[in-house]
Amino acid sequence: QDPEQGVTFIQRIGEKVKQNDEAAAMVKILVGKIKLHKYDQRREVQNIIEEVDKMLSEVDGVSPVHSHFYLLSSDLYRIEGKHAEFYRSSLRYLGCTEHEDLT
């Protein structure tokens, strides 16, 4: 399927859920995944990661969105060859992901 249509669809959903911080963060993460894996827009994905990091820092505890956030950030750092950041994000991803979701 066309990645641009996916981005448009996700952004339309984002307009409907923008009052919920976690849902808005998830929308940005999904857009970031498409931009990273389909368009290789690393700078834009880095900006998304920084923005979502601020959003998630205001959420109490660890939500399921954190798992997706750390997976996106670890993917970016792996592609860029930033080993320390990749390792840190990967461990955070594992720390907030249920064991059943990893298989």
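**Pockets and pairs in a five-helix listing**

Start with Ile 48: at 12% relative accessibility, this residue counts as buried. Buried here means under 20% relative accessible area, exposed means over 50%, and partly exposed is in between, with a 1.4 Å probe and protein chains only. Ile 48 sits in helix 3. Helices are DSSP runs of H or I with at least four residues, strands are runs of E with at least two, and both are numbered from the N terminus.

A word on the model. It is a predicted one, so local features need pLDDT of at least 70 and side-chain atom pairs count only at pLDDT 80 or more, while totals for chains, interfaces and linings use all residues. Residues are numbered from 1 along each chain as its sequence is written, and side-chain values use heavy atoms, with hydrogens and water left out.

Back to Ile 48. Its C-alpha atom is 9.2 Å from that of Ala 25, and 23 residues separate the two along the chain. Now go to helix 1, where we find Val 7. Val 7 is buried, at 5% relative accessible area. The C-alpha atoms of Val 7 and Val 27 are 9.4 Å apart, with their positions 20 residues apart along the chain.

Next, the pockets. Rolling a probe the size of a water molecule over the atoms shows where empty space is left. The search runs on a 1 Å grid over the protein atoms alone: a cavity is a set of points where a 1.4 Å probe fits but cannot get out, and a pocket is an open set with protein on both sides within 12 Å along at least five of seven lines. Lining residues have an atom within 4 Å of a point. Grid points are joined across faces, edges and corners, and a volume is the space filled by probe spheres set on the points.

The largest pocket holds about 200 Å³ of space. Which helices supply at least two residues each of its lining? Helix 1 (3–17), helix 2 (21–37) and helix 3 (42–57) do. Helix 2 gives the most, with 5 residues. Ile 48 is one of the lining residues. Val 27 is also among them, along with Lys 35. By type, the lining has 4 nonpolar, 2 polar and 5 charged residues. For this split, Ala, Val, Leu, Ile, Met, Phe, Trp, Tyr, Cys and Pro are nonpolar, Asp, Glu, Lys and Arg are charged, and the others, Gly among them, are polar.

The second largest pocket has a volume of about 160 Å³. Helix 3, helix 4 (64–80) and helix 5 (83–95) each supply at least two residues of its lining. Among the lining residues are Phe 69, Tyr 70, Tyr 77, Arg 88 and Arg 92. The split is 4 nonpolar, 3 polar and 5 charged.

On to charges. Side chains of opposite charge can pair when their charged atoms come close. How many salt bridges does a search of the whole structure find? It finds 6. The criterion is a side-chain nitrogen of Lys or Arg within 4 Å of a carboxyl oxygen of Asp or Glu.

Take Lys 35 and Glu 44. Their side chains meet at 2.7 Å, N to O. Lys 35 is buried at 18%, whereas Glu 44 is partly exposed at 35%.

Then Arg 42 and Asp 40. This salt bridge has its closest N and O atoms 3.1 Å apart. Arg 42 is partly exposed at 31%. Asp 40 is partly exposed too, at 43%. Asp 40 lies in the loop between helix 2 and helix 3. Look at its backbone: phi is near 55°, positive in a residue other than glycine. Most residues other than glycine have a negative phi.

Then Lys 82 and Glu 80, at 3.3 Å, N to O. Lys 82 is partly exposed at 33%. Glu 80 belongs to helix 4, and at 24% counts as partly exposed. Glu 80 and Arg 42 are 38 residues apart in sequence, yet 8.4 Å apart C-alpha to C-alpha.

Last stop, the surface. Phe 86, Tyr 87, Leu 91, Leu 94 and Leu 102 form a nonpolar patch, with about 480 Å² of accessible area together. Patch residues have over 30% relative accessible area and no salt bridge; like charges are joined within 9 Å, and nonpolar side chains (Val, Leu, Ile, Met, Phe, Trp, Tyr) within 5 Å. Areas come from the Shrake-Rupley method with a 1.4 Å probe, and for residues only the protein chains shown count as cover. Leu 94 is in helix 5, and is partly exposed at 47%.
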